[in-house]
Structures are given as structure tokens and as C-alpha cells.
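Could you walk me through this model in the viewer, one selection at a time? I would like to know what to pick next and what there is to see at each stop.

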Amino acid sequence: MTDNSHASHEHVPSRQRRRFSGISSRAYEHPADRSALVALRKLSGFDTVFKALSGLLPERSLRLLFLSDSVRVSDAQFAHLNDMLRDACYILDLEKVPPMYVNQDPQPNAMCIGLDEPIIVVTTGLVELLDEEEMRAVVGHEVGHALSGHAVYRTILLFLTNLALKVAWIPLGNVAIMTIVMALREWFRKSELSADRAGLLVGQDLQASMRGLMKIAGGNHLHEMNVDAFLAQADEYEKGGDLRDSVLKILNVLPRSHPFTTVRAAELKKWSESRDYQRIMDGHYPRREDDKDTSVTDSFRESASHYADSVRTSKDPLMKLVGDIAGGAGDLGGKLRDKFTGGSHGGGAAGKGGATDDSGATRRSGTEDPGSPQGHGPAGS
């Protein structure tokens, strides 16, 4: 299984794992993440312009900080992590192995940053929390970020966030920047789902990926946790409550760089059971050499289709309401009032042959309910 063409890959995975030669990051990217990246890659000179601005960004400072105040992973230091890193690069066919550092921090976290060259940082809290297979998925997650080129765009996000703080005294300037930041954070969260998939492709052990996410949520008490029960939490979170809870979910997630941990686990399990994942494992996947020919229009169409499917199949009260309205099911004002109050608005559609769903909202007869480096969230940015 050795590949002599990659001198840096002296080690191959410790157990037999499938290698994805020439794989494009499009193979595992979430549709919303993929459409944004395809569009950005098509902008001639985009990366060059932002790399030219690297003097304005904290990248040089961060590199010096990690070099001077963290431990660089190598054959001599954290050798087991170095093996995992080379294994991950070998499996995803990333020719240049990025430098990796271990930083003293009890908070379990990992990140991939940098404009010129990505660097990976993991905290001691994460290293001490996870076993070898769980850690392998996290390292694969970060290598997935590097292969996708996420490091360039997330570093820009950090820069804009810092800039927003500096111009907070300028009302319109701050609003404009924060609008961009909020949009970038939404993409950022989707990029985390992409990287989770890359971690699964590297570890090729769904249970290890699930265990790692559970530990990030509940600490080193695996004997007290259960994967099925953890996934049931994600289902309860999505479909529970009424419209007020849906609004609170949105408000809770807006400032976050990562999706909630149970949601990440549920999304990863769903992808692992998909035809897309099986095709990759069978050796059928997009190749890097074809990235230049990728259609931006097709990518955005796939993204829009994904969001439409998410709304249609979501169990969240707000998304179900959006689906009902899109399908022409009843008046908006009455349905909003019902969802917020948990009751039915007297004599309306229900009195005209309508039915009432479990949340108390009225729907028309014959209409079925459609059946969704600092400051980072925990582990795996």
C-alpha cells in the first residue's frame, strides 16, 4: 500500500484503509460549502489578492506564536500524532503534509488556519480526551479543511471579525461588516460538516467518529453515554417545541462557528448511510484534475436543491411551516399565530374541513405535512 511518489508519506495507515487517489474535496463537501468554494475558486486571482493582504492578517504572528509557545508534531515529538497526520494526508492524497502543533489548553479544540500554507493546531485537552481512532478522525477533519482550502477563507473570517470589533464605533461600517461575518459564519458551519465527512473518510470508522463527538459534548465518560441515545437528542432537538423554540434555535446558533454537536453527529451518520458515501468508498468520486471544469451554476443548483429538500423533510416546526406556506397550505398570519400560541385560530380553516396537526396548527384537508483560532467552537474547526 506504500506510495513511493510521496516521499513525505513514509508511514501508511496502521490498519488497512482505502486510499482515495486524486480525490477532489468536492467529493465530501456539503452542498452549501461546495457551491461557495466552487464560486470562489472561479474568481480569477481571488486567492492571490487575499494572500497579498496577508500582511494585514494575524497569520505571521500566529505562526510565530505556535512555533515559540507550542510543541511541533514530528517523529521526535508526539510521534503518534505525526503518524496519524501522514496517514490522513496519504489517504486523502494531500501531497504536502501541513505542519501541526500541540497547544497547551484544557479546552478540547482543533483548527486549521493560514493563507500561504495551512497549519493545524490541536489542544492538549483534545489529545488527552480522545483515543487513537477518535483522534484519527479529528486529524482527518483538519486535513479535509486543508484540502478544501478552508484555511484561506476562515482566516479572512477571523480578520473581518477582528475588524468589526475595531470599527464598532462606526454604526454603518460595523453593520456592513457584521452582515458579511454572519454570512461567513453560516458557510463556516457548513464547512465543519464537510470536514466531519473528510474525517470519516480518513478514519473509516463511523463509531469512532460518533464517540469523538460524544466526548466533545460530554467529556471522558464514554461508559455513561450511548450513541443511539445521543442521536435521539439530535432528533428531539430538531422536531421538539413550537415556533418559539425554532426562533430560539436560530438565535442560539447565529454566533457559533460550529453546528451543535448532536446535529453534527446526526448529519454525519446520515451521510455515512447515503449513496454518495458508498460511491466514494467504491472508488467512484470527483477527481482534483477536473475541478477547473466544475460549473458554478450546477453547484448553486445542487445547493438550492439541498436546502429545498432540507425544508421539505425537516421536522422543525418553523421549517414545516415554511414548507406548508410554500405548498400553499393556508394563511400565513393564522398559522404563525397558531404556532406561537399552540392553539387554533377559531373557526378558520379548521371549520372549513381542515385538519389540525400535532402542534395545533391548521392545515387543509388532503395536504400532508412535509416530512433540515480563538473563538472557535469545540474540537474540529
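Start by selecting Ala266, which lies in helix α12, residues 261-272. Keep in mind throughout the tour that this is a predicted model. At 30% relative accessibility, Ala266 counts as partly exposed. Show its neighbours, leaving out residues up to four places away in sequence, and you will find that Ala266 touches Leu231 and Ala234. Now draw a distance between the C-alpha atoms of Ala266 and Ala234: the viewer should give 6.5 Å, for two residues that are 32 apart along the chain.

**Widen the view to two helices**

Ala234 belongs to the α10 side of a helix pair, so select both partners next, because the contact joins Phe230, Leu231, Gln233, Ala234 and Tyr237 in α10 to Thr261, Thr262, Val263, Ala265, Ala266 and Lys269 in α12. Helix α10 covers residues 227-239, and its axis packs against that of α12 at an angle of about 105°, with the axes 8 Å apart. Angles of 65 to 115 degrees count as roughly perpendicular, which means that α10 is roughly perpendicular to α12. Colour the contact by residue type: seven of its residues are nonpolar, three are polar and one is charged.

**A second crossing**

Move on to helix α6 (residues 132-148) and helix α9 (residues 206-218), whose axes come within 8 Å and cross at roughly 90°. That angle makes α6 roughly perpendicular to α9. To display the contact, select Glu133, Glu134 and Ala137 in α6 along with Ala208, Ser209, Arg211, Gly212 and Lys215 in α9. How do the residues of the contact of α6 with α9 divide into nonpolar, polar and charged? The contact has two nonpolar, two polar and four charged residues.

Stay here and zoom in on Glu134 and Arg211, which form a salt bridge with their closest N and O atoms 2.7 Å apart. This pair links distant parts of the chain, with Glu134 in helix α6 and Arg211 in helix α9, 77 residues apart. Glu134 is buried, at a relative accessible area of 1%. While salt bridges are on display, add Arg17, Asp87, Glu132, Glu133 and Arg136: bridges that share partners join these residues into one network.

**More salt bridges**

The count for the model comes to 13 salt bridges, and two others make good stops. Select Asp83 and Arg86, where the closest N and O atoms of the bridge are 3.3 Å apart. Both sit in helix α4, and because they are three residues apart there, about one helical turn separates them. Is each partner buried or partly exposed? Asp83 is partly exposed, at 26% relative accessibility, whereas Arg86 is buried, at 7%.

Next, pick Lys96 and Glu117, a salt bridge with its closest N and O atoms 2.9 Å apart. Here too the pair links distant parts of the chain: Lys96 is in the loop between α4 and β2, Glu117 is in the loop between β3 (110-113) and β4 (119-123), and they are 21 residues apart. Lys96 is exposed at 57% relative accessibility, while Glu117 is partly exposed at 36%.

**Into the core**

Now hide the surface and look inside. In soluble globular proteins, nonpolar side chains tend to be buried together. The largest nonpolar core here has 48 residues, and Val122 and Leu201 touch the most other members. Helix α4, residues 79-91, gives the most to this core, with seven residues. Centre on Leu201 and show what it touches beyond four places in sequence: Phe20, Ile23, Tyr28, Ile91, Leu92, Trp271, Tyr277, Ile280 and Met281. Apart from this core lies another, of seven residues, including Phe66, Tyr101, Met111 and Ile119.

**Two backbone stops to finish**

Most residues other than glycine have a negative phi. Select Asp93, which is not a glycine yet has a positive phi of about 60°. Asp93 sits in the loop between α4 and β2 (100-103) and is buried, with a relative accessible area of 10%. Last, go to Gln204, another residue other than glycine with a positive phi, near 50°. Gln204 lies in the loop between α8 (171-203) and α9, and with a relative accessible area of 18% Gln204 is buried.

Key
Residues numbered from 1 in each chain as written. Predicted model: local features only at pLDDT ≥ 70, side-chain atom pairs only at ≥ 80, totals over all residues. Heavy atoms only, no water. Core = buried A, V, L, I, M, F, W, Y, C linked by side-chain atoms within 4.5 Å. Buried < 20%, exposed > 50% of the residue type's maximum accessible area, 1.4 Å probe, protein only. Helix = DSSP H or I, 4+ residues; strand = E, 2+ residues; numbered from the N terminus. Contact = heavy atoms within 4.5 Å. Axes fitted to C-alpha atoms, helices over the stretch in contact; angles between N-to-C directions. Parallel < 35°, antiparallel > 145°, perpendicular 65-115°, else oblique. Nonpolar A, V, L, I, M, F, W, Y, C, P; charged D, E, K, R; others polar. Salt bridge = Lys/Arg side-chain N within 4 Å of Asp/Glu carboxyl O.
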